[in-house]
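Visitor: I am new to this structure and would like a close look at a single part of it, together with whatever surrounds that part. Please take me through it slowly and explain the terms as you go.

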Amino acid sequence: MSHTALIPSHRKPRRNASKTALRAGVAGGVLSTIAVAGAAGPAQAEPVTQTIEMPTITAGVSTTVAASAEATQQVALDLETQAHEEAAATTAAKDAKKAKAEAVRKAEAKKKAEAKAKAEAEAKAEAAERASRSAERTKLSTSSGSSSSGSTSTATTSYSSTATGTAASVVAFAQAQIGDAYVSGGTGPNSWDCSGLVQAAFRTVGVDLPRVSQSQSTAGTQVSLSNLQPGDILYWGGAGSAYHVGIYVGGGQFVGAQNSSTGVVQKSLDYDPPSGAVRVL
């Protein structure tokens, strides 16, 4: 290789001279502008010595603020009071509803208890009546056995009643049952107790009598035993506490369901004189 040949350089080529000059001109212009601005300003800035005072809250503003705070507090108190009142009203409503339900429950329980007590009292009264009738029937049966051998006045007779109208229907029904069995609590059609027979006889003419003898003995107008008419109800014992009843058929005779030994019979009044009588028809 010739010593005059060009040896390639490994150094980076220099930047373009025009670009370098442009950048230098821009920097110089900026510096010049800063210098001119500095020259135009005052040589030395004066320190700030004036203090700016904040506006003073006057008494009016203070009062307004206090009033606003008080109003806000009052609103809060009102809301709290309203909340308490609503809670109290809700609680009172619940308590009233609960009290009402309890009162209804107690009333129903009381009603059931009264109905039960009434049913038990009626059952006891009926049982007592049956026991009393049974004892009296036993007594009548014994009396009938002893008197039938010495007197014909107590014998059953076939008496044709002179009753008319509804009384005749009552008497006819009672006489048609002669010979039926006596059964405590019996209401027919083939067995009876005394009040059951009387009740059924009057039912044939549309008269609805009470079921037991105590009530039947006060079901009509009290009449004298010396002024009896066919269809009158005879009773033994006190009015309202009678233990036995029968139907007067006329001719000094009555029909009644006496006891389990005799059943339904027709007898003379002197067989067992009644205590009183009532007239329904």
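Guide: Let us begin with strand β6 (residues 253–259), where 7 of the 7 residues are buried, so the strand is largely enclosed by the rest of the structure. Buried here means under 20% relative accessible area, whereas exposed means over 50% and partly exposed lies in between, with a 1.4 Å probe and protein chains only. Strands (E, at least two residues) and helices (H or I, at least four) are DSSP runs, numbered from the N terminus. This is a predicted model, in which local features need pLDDT of at least 70, side-chain atom pairs count only at pLDDT 80 or more, and totals for chains, interfaces and linings use all residues. Residues are numbered from 1 along each chain as its sequence is written, and side-chain values use heavy atoms, with hydrogens and water left out.

On one side, β6 is joined by 3 bridges to β5, and these two strands run antiparallel; two strands are said to pair if DSSP finds at least two bridges between them. The hairpin of β5 and β6 has 2 residues between the strands, and in it glycine 251 takes a positive phi near 65°. Just before that residue comes glycine 250, which belongs to strand β5 (residues 244–250) and stands opposite glutamine 253 in β6. Glycine 250 is itself buried, since its relative accessible area is 3%. Between the C-alpha atoms of glycine 250 and glycine 231 the distance is 8.2 Å, while 19 residues separate them in sequence.

On its other side, β6 pairs with strand β7 (residues 263–268), again in the antiparallel sense, and here over 6 bridges. These two strands form a hairpin as well, with 3 residues between them, and the bridge partner of glycine 256 is valine 265 in β7.

Stepping back, one finds that β6 belongs to an open sheet of 6 strands with antiparallel pairing, in the order β3-β8-β4-β5-β6-β7. The edges are held by β3 (221–223) and β7, each of which has a single partner strand, so one side of each is left without a neighbour in the sheet. From one strand to the next, the twist averages 35°; for such angles, axes are lines fitted to C-alpha atoms, for helices over the stretch in contact, and the values run from 0 to 180 degrees between N-to-C directions.

Towards the β3 edge, 3 bridges join β3 to β8 in an antiparallel arrangement, with glutamine 222 standing opposite valine 278 in β8. Strand β8 (residues 276–279) also holds arginine 279, which counts as buried because its relative accessibility is 18%. A polar atom of the side chain of arginine 279 lies 2.8 Å from the backbone oxygen of asparagine 227. Leaving aside neighbours within four places in sequence, arginine 279 is in contact (heavy atoms within 4.5 Å) with residues including Val223, Asn227 and Asp232.

Two helices also meet the strands around β6. Helix α3 (residues 165–176) lies across β5, β6 and β7, and runs at about 115° to β5. Helix α4 (residues 194–203) packs on the sheet, where it touches β4 (233–236), β5, β6 and β7, and its direction makes about 45° with that of β5. Most of α4 is covered, with 9 of its 10 residues buried, among them Leu197, Val198 and Phe202.

Finally, there are the aromatic rings, of which a search of the whole structure finds 2 pairs. Rings of Phe, Tyr and Trp (its six-membered ring) pair if their centres lie within 6.5 Å, and planes under 30 degrees apart count as stacked, over 60 as edge-to-face and the rest as tilted. Phenylalanine 173 and tryptophan 192 make an edge-to-face pair, at 6.0 Å centre to centre and with 85° between the planes. This pair links distant parts of the chain, since phenylalanine 173 is in helix α3 and tryptophan 192 in strand β2, 19 residues apart. Phenylalanine 173 is partly exposed, at 21% relative accessibility, whereas tryptophan 192 is buried at 3%. The other pair brings us back to β6: tryptophan 236 and phenylalanine 254 are tilted, at 5.3 Å centre to centre and with 55° between the planes. Tryptophan 236 lies in strand β4 and phenylalanine 254 in strand β6, so the pair ties together parts that are 18 residues apart in sequence, and both residues are buried.

Note on methods
Polar contact = N/O pair within 3.5 Å; in protein donor to acceptor, adjacent residues only side chain to side chain.
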